[in-house]
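I opened a fresh page for this chain. The entries below keep to what I looked up.

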Amino acid sequence: QVRLDESGGGLVQAGGSLRLSCTASGSIVRFIPLGWYRQAPGKQRELVAEITSGGSTSYADSVKGRFTISRDNNKSTVRLQMNSLKPEDSAVYYCRANSNIVYWGQGTQVTVSS
């Protein structure tokens, strides 16, 4: 069983920065990939960034060079540093853990004003 708790969303102006954090509980967390997804109104949930247990990362093309994902296995946390935010980044951001069973956090709202 894995539990994911996100924090750090909010309202920011275009060009600003936010950092999202996700605390993951469960004995397997440090061994499995963790990621961030987002879902805007009327759109499908999409991958933003993912990081493996070994630290390898992957990003959606739309956020490359602006967002950075990182993890601290000792603290079972995964973070998403978001810089140069754009209005189109506005969405509910979800933390995800994949251990053959997919776990989701409750989501945190990010709103970028123009």
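The entries go from the whole chain to single residues.

**Entry 1: the model and its fold.** I note at the outset that this is a predicted model. I looked up the secondary structure and found zero helices and eleven strands. Along the sequence I read the pattern as β-β-β-β-β-β-β-β-β-β-β.

**Entry 2: overall dimensions.** I looked up the radius of gyration, which is 13 Å for the chain; a compact globule of 114 residues would have a value near 13 Å, so the two agree. Along the principal axes, the C-alpha atoms fill a box of roughly 40 × 25 × 20 Å.

**Entry 3: burial, contacts and surface.** I find that 41% of the 114 residues count as buried. I then took the contacts with a separation of 6 or more, and 53% of them join residues 24 or more positions apart. The accessible surface is about 6,000 Å², and carbon and sulfur atoms hold 45% of that.

**Entry 4: charges.** I looked up 13 positive and 8 negative side chains. The centres of these two sets lie 4 Å apart.

**Entry 5: the disulfide.** I asked how many disulfides a search of the whole structure finds. The search returns one. Its partners are Cys 22 and Cys 95, with 2.2 Å between the sulfur atoms. Cys 22 belongs to strand S3 (residues 18–25) and Cys 95 to strand S9 (residues 91–98), so the bond ties together parts 73 residues apart in sequence. I also looked up the torsion about the S-S bond: it is about -85°, and the disulfide is therefore left-handed. Both Cys 22 and Cys 95 are buried.

**Entry 6: Val 48.** I placed Val 48 in strand S5 (residues 46–51). Is Val 48 buried or exposed? Its relative accessibility is 1%, and because the cut-off for buried is under 20%, I enter Val 48 as buried. Beyond its neighbours within four places in sequence, I list contacts of Val 48 that include Trp 36, Tyr 37, Arg 38, Tyr 59, Phe 67, Leu 80 and Tyr 93. For one of these partners I looked up the C-alpha separation: Val 48 and Arg 38, ten residues apart along the chain, are 6.6 Å apart.

**Entry 7: positive phi.** I keep in mind that most residues other than glycine have a negative phi. Ser 84, not a glycine, has a positive phi of about 50°. I find Ser 84 in the loop between strand S8 (77–82) and S9, and its relative accessibility of 41% makes it partly exposed. Asn 100 also is not a glycine, and its phi is positive at about 75°. I place Asn 100 in the loop between S9 and strand S10 (102–104). At 81% relative accessibility, Asn 100 counts as exposed.

**Entry 8: Ser 114.** I looked up Ser 114 in the segment after strand S11 (108–113). Its relative accessible area is 87%, and since exposed means over 50%, I enter Ser 114 as exposed. Which residues does Ser 114 contact, leaving aside its neighbours within four places in sequence? They are Ala 14 and Pro 87. I also looked up Asn 83, which lies 31 residues from Ser 114 along the chain; the C-alpha atoms of the two are separated by 15 Å.

Definitions and conventions
Residues are numbered from 1 along each chain as its sequence is written. This is a predicted model: local features need pLDDT of at least 70, side-chain atom pairs count only at pLDDT 80 or more; totals for chains, interfaces and linings use all residues. Side-chain values use heavy atoms; hydrogens and water are left out. Helices (H or I, at least four residues) and strands (E, at least two) are DSSP runs, numbered from the N terminus. The radius of gyration is taken over C-alpha atoms; the globule rule is 2.2 Å times the number of residues to the power 0.38. Buried means under 20% relative accessible area, exposed over 50%, partly exposed in between (1.4 Å probe, protein chains only). Contact means heavy atoms within 4.5 Å. Accessible areas come from the Shrake-Rupley method with a 1.4 Å probe; for residues, only the protein chains shown count as cover. Lys and Arg count as positive and Asp and Glu as negative; His and the chain ends are not counted. The place of a charge is taken as NZ of Lys, CZ of Arg, CG of Asp or CD of Glu. A disulfide is a pair of cysteine sulfur atoms within 2.5 Å.
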